[in-house]
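User: I should like to go through the terms used for this model and see how each one is justified. Please set each value against its criterion.

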Amino acid sequence: MQSHASQLLDAPLARGMTAVVLVTALATPALAHSGSVAGGFVGGIAHPVFGPDHVAAMVAVGLWGAFLGAPAIYILPVVFPLVMAAGGVLGILGLPLPGVEIGIATSAVVLGMMVALAARPPLWVAAVLVGAFAIFHGHAHGAELPPGADALAFSAGFVVATGLLHLAGIAFGLLARWPAGRLAVRSAGGAIAIAGLMFLGRLA
Amino acid sequence: MRVLARPLTGIVWLSSIDPAAAHPALQGVSGFTGGLLHSLLLPSHLIAAVGLGLLIAQQAPHGARAAPVAYIAAVIAGLAALALAYVPSFAEETLLACAALSGLLAALARPLPQVMVVALAAATGLSLALDSPPDAISLAAANRALLGTAVGAGILLVFVSEGASRLRRAWQRIGLRIAGSWIAASAILVLALRLAR
C-alpha cells in the first residue's frame with residue numbers, strides 16, 4: 001500500500017512542494033482572522049498560509065492521509081475543501097457557529113494525535129472527522145471573504161493554498177515508508193498536537 | 001523540470017490575474033481580441049470552463065463529442081441572444097452554479113448519463129455567453145467581441161478537455177478529482193457570497 005501511495009504521488013509531490021515555495025514567496029502577509037485581508041488570488045493564498053492554526057491542521061490532514069495510504073491519501077484532500085466550502089457558506093451567510101477558533105485549534109490537536117498515535121480508523125471515520133473540522137476552517141474563511149468582485153480569486157487562492165498544505169503534509173508523510181521516517185512523521189504529528197494545545201491555551 | 005514548470009506557470013499566471021473589479025482584465029482590450037480573452041481572464045468563466053473540461057475528460061468516451069458540441073452551440077445561442085439585445089439576469093450566478101456542479105461531479109468521478117453531461121455543458125455554455133456582454137460602443141466592434149468570445153470559450157473548453165483526457169495515470173486522474181473539488185469549493189463560496197448580498 002505504501003509503495004502504491006508513493007508511486008501515486010512522487011511526481012505531483014515535487015510539483016506541489018515547488019509550488020508551495022513559490023506561492024509562499026509571492027504571497028504578501030495577511031494575518032488569519034484579523035479581519036483585514038488582501039484581495040485577489042495572492043491574498044487568498046496568503047490567508048491560510050499565514051495562519052499557524054490553519055497550517056498545522058492542514059499539514060496534519062496530509063500527514064494522516066499519507067499514513068493511512070490509498071485511498072485515504074486522496075479521499076481526505078477531496079473531502080476537506082468540499083466540506084470546507086459548506087462551512088464557508090455558513091460564514092458568508094452570517095450563521096453563527098459556536099467555538100470556531102476552538103474548533104480550529106482542536107482540529108490540530110486531534111489530527112496531530114491521530115498521526116502521533118498512528119491511528120488507523122475506517123476510511124469513513126477519518127473522512128467524517130476531517131470533514132467535521134473542515135466546517136470550522138471553512139466558517140472562518142467564509143466569514144472573512146472580501147465582498148468585492150475579487151471574491152472568486154480570493155476563495156480560489158485559499159482553496160488552492162489549503163490543498164498545497166495538504167500536499168506538503170502528504171510529502172512529509174510519505175517518509176513513513178522507512179522506520180526512521182515513520183518515527184519522524186509520528187513526531188511531527190505529536191508536535192502539531194502540542195501546537196494545537198498551545199493554540200487552545202491562548203484562546204482560554 | 002518540465003513537469004515542474006507546468007504547475008508553476010499556472011500558479012504564476014493565476015497570481016497575475018487582477019480581478020478587483022468586474023471584467024477589469026478587459027479594460028483597454030476590445031473587439032475580437034477582447035472577446036477572445038474574455039473566458040481566459042475572468043475567474044468565474046475560467047473555472048466554469050475548466051471544471052466542465054475536466055468532467056468531459058473524465059466521462060470520455062461517453063459524451064466526449066456531444067458535450068463540447070452542446071457547449072459551443074449554447075455559447076453561440078447565448079451570444080446571439082446578446083446580439084439581439086437580450087438583457088440576461090443572474091447569468092454569472094448560473095455560471096457559478098454550473099462550475100460548482102461540474103467540479104463536484106469531477107471530484108466524485110462517477111459514471112454519469114450522457115444526457116446529464118450534455119445538459120450541464122449546454123447550461124455552462126449558455127450562462128457563460130450571457131455573462132459576456134461586450135462593452136463596445138459600435139455595433140461592428142460588439143459583433144467582433146461576440147465572435148471572439150465564442151472562439152475563446154470554445155478553444156478553452158476543447159483545450160482543457162483534450163488535455164485532461166490524455167491524463168491516464170492513476171495519480172493524474174486523482175489530480176483531476178482534487179482540481180474538481182477545488183473548483184467546486186471556490187464556486188460554492190462565491191455563489192453564496194453573491195446570493196447573500
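Analyst: Helices here are DSSP runs of H or I with at least four residues, numbered from the N terminus. On that basis H45(B) has its place in helix α3 of chain B. Please note that the model is predicted.

User: Why is H45(B) called buried?

Analyst: The term buried applies under 20% relative accessible area. H45(B) has a relative accessible area of 0%, and is therefore buried.

User: What makes the pairing of the H45(B) side chain with the side chain of D131(B) a polar contact?

Analyst: A polar contact requires a pair of N or O atoms within 3.5 Å, one able to donate a hydrogen and the other to accept it. The side chains of H45(B) and D131(B) are paired at 2.7 Å, so the distance satisfies this cut-off.

User: Which residues does H45(B) touch, leaving aside those up to four places away in sequence?

Analyst: H45(B) touches H38(B), S39(B), L95(B), L128(B), D131(B) and S132(B). Touching here means heavy atoms within 4.5 Å.

User: Why is α3(B) described as roughly antiparallel to α6(B)?

Analyst: Helix α3 (residues 43-59) and helix α6 (residues 114-130) of chain B pack at an angle of about 160 degrees, with their axes 11 Å apart. Angles over 145 degrees count as roughly antiparallel, so α3(B) is given that description relative to α6(B). The crossing of α3(B) past α6(B) is left-handed.

User: Which residues meet where α3(B) and α6(B) are in contact?

Analyst: From α3(B), the residues are H45(B), A48(B), L52(B), L55(B), I56(B) and Q59(B); they meet V117(B), L120(B), A121(B), T124(B) and L128(B) of α6(B). By class, this contact of α3(B) with α6(B) comprises eight nonpolar, three polar and no charged residues.

User: How do α4(A) and α6(A) cross?

Analyst: In chain A, helix α4 (residues 72-92) and helix α6 (residues 123-143) have axes that come within 6 Å and cross at roughly 35 degrees. The crossing of α4(A) and α6(A) is right-handed. Their contact has 16 nonpolar, nine polar and no charged residues.

User: How many helices and strands does chain A have, and what share of its residues is buried?

Analyst: Chain A has eight helices and zero strands. Of its 204 residues, 59% are buried. Among contacts in chain A with a separation of 6 or more, 80% join residues 24 or more positions apart.

Conventions
Residues are numbered from 1 along each chain as its sequence is written. Chains are lettered from A and ligands numbered from 1 in the order in which they are written. This is a predicted model: local features need pLDDT of at least 70, side-chain atom pairs count only at pLDDT 80 or more; totals for chains, interfaces and linings use all residues. Side-chain values use heavy atoms; hydrogens and water are left out. Axes are lines fitted to C-alpha atoms, for helices over the stretch in contact, and angles run from 0 to 180 degrees between N-to-C directions. Helices (H or I, at least four residues) and strands (E, at least two) are DSSP runs, numbered from the N terminus. Angles under 35 degrees count as roughly parallel, over 145 as roughly antiparallel, 65 to 115 as roughly perpendicular and the rest as oblique. A crossing is left-handed if the near helix is turned anticlockwise from the far one by less than a right angle, and right-handed if clockwise. Ala, Val, Leu, Ile, Met, Phe, Trp, Tyr, Cys and Pro count as nonpolar, Asp, Glu, Lys and Arg as charged, and the others, Gly among them, as polar. Buried means under 20% relative accessible area, exposed over 50%, partly exposed in between (1.4 Å probe, protein chains only).
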